[in-house]
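Subject: Handover of a structure

Dear colleague,

Please find below the structure that I am handing over to you. My findings follow it, arranged by region.

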Amino acid sequence: MPILEVRNLSVTYTTKNRRIAAVQGVSLEIEERDAVGIVGESGSGKSTLAMAMLRLLPKNGAEVGGEVLLNGTDLLALPEDKLSKLRWKELAVVFQKSMNSLSPVHRIGAQMADVYRLHESSASKREAKRRIVELLEMVNLPERVYKLYPHELSGGMMQRVAIALSLMHHPRLLILDEATTALDVVTQGQILEEMMELERKLGITRLMITHDMSVVATSCNKVVVMYAGQVVEAGLVKDVLTKPAHPYTQGLLRSIPSFDGEKSNIRGIPGSIPALDVPLAGCAFAERCEFAADSCRTSKPQLAELPDRRQVACHLRGGEIHAQ
Ligand code: ATP
Ligand code: SF4
Ligand code: MG
């Protein structure tokens with residue numbers, strides 16, 4: 001059984017005069033010990049997907065439909081107290097601006113100790129401190145951070161505190177939304193190494209939203225490509241990154257110099273994501289797709305499985321579009 005199964009998840013933001021379909025019927029299956037990268041350009045619905053899965057969207061500003069099964073339990077239907085029992089231990093999350101979730105008036109050590117005691121209520125102060133210092137070391141922070149207040153740390157240090165916190169109780173599923181993006185390359189590399197080591201040791205499953213394809217290439221085994229609120233391609237990193245099947249994935253990879261070989265040939269995908277407040281009859285990528293046919297504008301491609309078990313939503317999937 002997959003550790004996480006997202007079934008037909010949809011999120012519509014409702015503002016005064018608009019309804020924005022930010023996530024449109026996303027289904028995913030994540031196996032235990034997978035490390036899954038979620039990629040796609042800005043506005044494609046990645047953060048909305050993560051927040052909906054964790055029930056962190058504002059209740060009156062977003063309509064959420066579908067199911068999010070964690071080990072068979074639907075998180076979207078769970079009472080709040082049961083859901084909070086799962087946080088940190090079964091499920092932990094780190095956002096890009098995680099520093100906002102720390103209290104400015106308490107020392108880092110005290111706040112980390114609070115999280116430690118959530119699931120270790122009988123632990124002594126010394127045990128808590130030992131564990132916290134161990135975690136701080138793991139994310140390359142000095143022990144003195146324990147005694148500091150959030151305002152005394154840089155943004156990068158705070159982000160490392162947030163990552164350390166997320167690993168406190170060895171969560172079975174770790175969700176990261178651009179959590180390492182703001183860190184310098186060396187620290188990011190170090191943290192990813194540590195994470196992968198922990199994943200191997202403890203069997204942690206990771207879902208990682210990132211715009212950095214090299215992070216996906218080096219630290220994930222699967223990748224999900226989102227466009228305009230939908231999954232357009234999903235599969236093993238070794239297949240999708242080397243032989244992208246969807247024209248959008250192809251464009252995405254072409255726009256990254258290291259994946260194209262020649263630095264002189266950096267080209268983004270011309271155009272932008274379509275407005276999400278108007279339902280589209282056909283393929284959401286049609287306006288930007290060099291292979292678009294008339295039928296692409298009138299009928300929506302569904303995700304279908306290719307022989308290598310990768311899923312692609314494109315009328316021309318496979319065959320000629322492999323050639324770049
Ligand atoms: P990025 O890479 O920039 O973080 P993303 O893929 O995470 O982008 P989302 O933040 O999920 O994208 O946004 C998806 C769509 O939903 C966008 O069109 C965005 O403008 C819209 N959106 C996000 N949050 C809200 C909100 N609170 N109210 C209304 N619309 C929103
Ligand atoms: Fe392009 Fe048509 Fe495939 Fe959409 S369905 S990606 S428009 S070829
Ligand atoms: Mg985002």
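Two strands are counted as paired if DSSP finds at least two bridges between them. β4 and β5 are joined by two bridges and run antiparallel. Please note that this is a predicted model.

The sheet

β4 and β5 belong to an open sheet of four strands, in the order β2-β1-β4-β5, with antiparallel pairing. Which strands stand at the edges of this sheet? They are β2 and β5 (73-74), and each has a single partner strand, so one side of each is left without a neighbour in the sheet. Within the pairing of the last two strands, Leu 69 stands opposite Asp 74 in β5.

The surroundings of ligand 1

There are 14 residues around ligand 1, and those that come nearest are Tyr 13, Ala 22, Ser 42, Ser 47 and Thr 48. Two elements, β2 (19-30) and α1 (46-53), give two or more residues to this shell. The edge strand β2 of the sheet is thus also an element of the ligand shell. Helix α1 gives the most, with three residues. By class, the shell comprises nine polar, four nonpolar and one charged residues.

Helix α1 and the loop after it

Is α1 mostly covered or mostly open? The helix is mostly covered, as eight of its eight residues are buried. Ser 47 and Thr 48, named above among the residues that come nearest to ligand 1, are buried, and so are Lys 46, Leu 49, Ala 50, Met 51, Ala 52 and Met 53.

Just after α1, Arg 55 takes a positive phi of about 60°. Arg 55 is a residue other than glycine, and its place is in the loop between α1 and β4 (62-70). Arg 55 counts as partly exposed because 14 other C-beta atoms lie within 10 Å.

A further positive phi is found at His 170, where the value is near 45°, again in a residue other than glycine. His 170 lies in the loop between α5 and β7 (173-177). With 16 C-beta neighbours inside 10 Å, His 170 is therefore classed as partly exposed.

The nonpolar core

The largest nonpolar core has 89 residues, and Val 36, Val 223, Val 224 and Val 225 have the most contacts inside it. Helix α5 (residues 155-167) gives the most to this core, with eight residues. What is Val 223 in contact with, leaving aside its neighbours within four places in sequence? The contacts of Val 223 are Val 36, Gly 37, Val 39, Val 216, Gly 235, Val 237, Val 240 and Leu 241. Val 36 is thus a contact of Val 223 and also one of the residues with the most contacts inside the core.

An exposed loop residue

Ala 281 lies in the loop between α10 (257-260) and α11 (294-298). Why does Ala 281 count as exposed? Ala 281 has 9 C-beta neighbours inside 10 Å, and it is classed as exposed because the cut-off for that class is 12 or fewer. Not counting residues up to four places away in sequence, Ala 281 touches Arg 297 and Thr 298. The C-alpha atoms of Ala 281 and Ala 304 are separated by 18 Å, and the two residues are 23 residues apart along the chain.

With kind regards

Notes: Residues are numbered from 1 along each chain as its sequence is written. Chains are lettered from A and ligands numbered from 1 in the order in which they are written. This is a predicted model: local features need pLDDT of at least 70, side-chain atom pairs count only at pLDDT 80 or more; totals for chains, interfaces and linings use all residues. A nonpolar core is a set of buried Ala, Val, Leu, Ile, Met, Phe, Trp, Tyr and Cys residues joined through C-beta atoms within 7 Å. A residue is buried if 20 or more other C-beta atoms lie within 10 Å of its own, exposed if 12 or fewer, and partly exposed in between; C-beta atoms are placed from the backbone. Two residues are in contact if their C-beta atoms, placed from the backbone, lie within 7 Å. A residue is near a molecule or strand if its C-beta atom, placed from the backbone, lies within 6 Å of it. Ala, Val, Leu, Ile, Met, Phe, Trp, Tyr, Cys and Pro count as nonpolar, Asp, Glu, Lys and Arg as charged, and the others, Gly among them, as polar.
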